[in-house]
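Student: I would like a close look at one single part of this protein, with enough context to see how that part sits in the whole. Could you walk me through it, one step after another?

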Amino acid sequence: MAIDTLEAARAALAATSLPLALPDVQEARQWIRESLSQLDDYVIPRYRSLDAPLLAVVGGSTGAGKSTLVNALVGYPVTRAGAIRPTTRQPILLHHPQDAGWFEGDRILPSLDRIRGSVSASPLPANQAGAAPDAQAITSLVLVAHDRVPQGIALLDAPDVDSISDDNRRLAGQLLAAADLWVFVTTANRYADAVPWRLLLDAASRDITVAVVLDRVPSAAEDEVRTDLKAMLDRQGLGEARLFVVPESPLDGLGMLPQASVAQLGQWLGALAANAAGRADVARRTLNGAVKAVSGRLEGIAGAAAAQDAAAHDLRTVCVEEYEQALSGILEATKDGALLRGEVLARWQDFVGTGEFFRAVEQNIGRMRDRVGAFFRGEPAPAVRVETAIETGLQAVILDEAANAAENVDRRWRSDAAGRHLLGGDDLSGTSKGFDARSAAAIRAWQEGLMEMIRTQGQGKRTQARWLSFGLNGLGAALMVVVFSMTAGLSGLEIGIAGGTAVVGQKLLEAVFGEDAVRRLALQAREDLHTQCQRLLDEEKQRFLGRLEAAHPGTGSDLARHAKALRRLAGAA
């Protein structure tokens, strides 16, 4: 059904967010607001009630004489007209008394409250006729019933389209978008102004029925001005627009024009109201044009949403890449022997013995199992110093890689308008508060898990006796050394030292658990370290990704499909 198609498109549009600061995003956001307003104010209500009276919105430039024209059509000064600009503020809708039910509810323009006005021989009170304070946005619509308004059509006196008030201009645009037909008022002096013509061209693009009223035309200039304006309308695709000329005339004591001056316009509106088929044709024509206009904007919004998705993907990719590189850097440092330099080597030497021990190891590896057992039956040196040295070295690597990743993501995001907007004034170029403590805790958790693996692996009585003789901390330190024992990146004397370090640690573990078990322990220890580091970096990169996820929910993907559905709907009508 048509209503289902329209409401589905409206729901998709309402759920669309364009939060990233991309080029032309302001225009796309405006399209969303305009499309939602037109669907709510006109398209959906008109589809639900095709037999409702036509709404003719009387619009135009400041001082064009819109209110005076409406007063003349009704025969009473129901709207305020004067020299103070902007004149029309509170919009006034005039209707036949029997049409009241169509306008008293929220069928059209649901965002505007209703105020019931009345007709007297003087203008409406200020609180009804447009004297809302400048600081207050207009939120209501004054309804006035009068039997001089033809049944089947209503007149809405709108604010100036070029008002100095932003609220007035926005409201004028909203009201014109809710119209079945436009009565556009201009003057002999201002009919070529740019702002009205932009709106008229929009009307032409939407195929809306337009009547143009050329007001206050001196009799001597009528033929010339009429001919020139008619030619302009033809050139701009508005050749079918009805053109009415209101001659320059003196106003009476109530500020009223002679009724004869608007007789032709009044007769045209009356004939249109009396012709049910003609009203239906106007409504369908305008409705189809409005649906096409919404469809076109939806296509533009869909493109903007796709650009948002692409920008969000690029920002996310930058973040993921930098932190993946940081993780790779950490893991590379743990397997290329780099962590076995300096303090770790010194503490390991303190633990296993002197340099002569390493030379003996390298000279006769074949007898290592027996010699390792004999060497460690004495009182071992404190293994905790090795663990502490490893923790310190590993933490330094993690802190350095995490800081580099944060700095790179911050820099690359700030080089992009969308990323710069997401970051705002916050500096995320370093690690987060408390990261050093969290990284130390993660390393200790990894070490504790490693000890637990050794304890579990040594549950057998025979194996248990062996690892008890070496000490749990000693075996743990040996396993850590094995995990970090690849020698790529070392040179000179360090290669020999690291090589001996690896052999001692590995042979010690093999003496207790066997060769296959040592390989499994080392593999599991490396996987656990990867998990701990991954968790740390995931938390850090979430500082960036969290902002992106909060700002970009990823909606808008179905808008192109809804735009096509609306085009089919307009074509079928």
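Tutor: Happy to! Let's begin with a cut-off: a residue counts as buried when its relative accessible area is under 20%. Keep in mind that this is a predicted model. With the cut-off in hand, take L20, the part I suggest we look at closely. L20 has a relative accessible area of 0%, so it is buried. Its place along the chain is the loop between α1 (2-14) and α2.

What does L20 touch, once residues up to four places away in sequence are left out? The partners are V25, R29, Q308, A311, A312, A418, L422, L548 and H552. One of these, L548, deserves a second glance: L20 and L548 are 528 residues apart along the chain, yet their C-alpha atoms are separated by 8.9 Å. The chain as a whole offers some context for that pair. Among its contacts between residues at least 6 apart in sequence, 81% join residues at least 24 apart.

Now step back to the protein chain around this loop. The chain has 20 helices and eight strands, and 50% of its 573 residues count as buried. It exposes about 25400 Å², with carbon and sulfur atoms supplying 51% of that area.

The helix that follows our loop, α2, spans residues 25-48, and together with α5 (166-177) and α6 (194-206) it is among the elements that each supply at least two residues to the lining of the largest pocket. That pocket has a volume of about 930 Å³. Its lining holds 28 residues, and E34, R169, R170, G173 and Q174 are the ones that lie nearest the centre. The largest share of the lining, 10 residues, comes from α5. If you think in terms of chemistry, the lining divides into 11 nonpolar, seven polar and 10 charged residues.

Burial also gives us some useful company for L20. In helix α3 (residues 66-74), nine of the nine residues are buried, so this helix is largely enclosed by the rest of the structure. The buried set includes K66 as well as nonpolar side chains such as L69, V70 and L73. Just after α3, G75 takes a positive phi of about 90°.

Further along, helix α15 (residues 435-457) contains Q447, and M451 is found in α15 too. Q447 counts as buried because its relative accessibility is 6%. Leaving out residues up to four places away in sequence, Q447 touches E387, I390, E391 and M480. M451 has 9% relative accessibility, so it also counts as buried. Between M451 and A477 the C-alpha distance is 9.1 Å, and the two are 26 residues apart in sequence.

Two cysteines complete the tour. C319 counts as buried because its relative accessibility is 0%, and C533 counts as buried because its value is 2%. A disulfide is a covalent bond between the sulfur atoms of two cysteines. The structure holds zero disulfides.

To return to where we started: L20 is a buried residue in the loop between α1 and α2, and its contacts include L548 and H552.

How values were computed:
Residues are numbered from 1 along each chain as its sequence is written. This is a predicted model: local features need pLDDT of at least 70, side-chain atom pairs count only at pLDDT 80 or more; totals for chains, interfaces and linings use all residues. Side-chain values use heavy atoms; hydrogens and water are left out. On a 1 Å grid over the protein atoms alone, a cavity is a set of points where a 1.4 Å probe fits but cannot get out, and a pocket is an open set with protein on both sides within 12 Å along at least five of seven lines; lining residues have an atom within 4 Å of a point. Grid points are joined across faces, edges and corners, and a volume is the space filled by probe spheres set on the points. Helices (H or I, at least four residues) and strands (E, at least two) are DSSP runs, numbered from the N terminus. A disulfide is a pair of cysteine sulfur atoms within 2.5 Å. Buried means under 20% relative accessible area, exposed over 50%, partly exposed in between (1.4 Å probe, protein chains only). Contact means heavy atoms within 4.5 Å. Accessible areas come from the Shrake-Rupley method with a 1.4 Å probe; for residues, only the protein chains shown count as cover.
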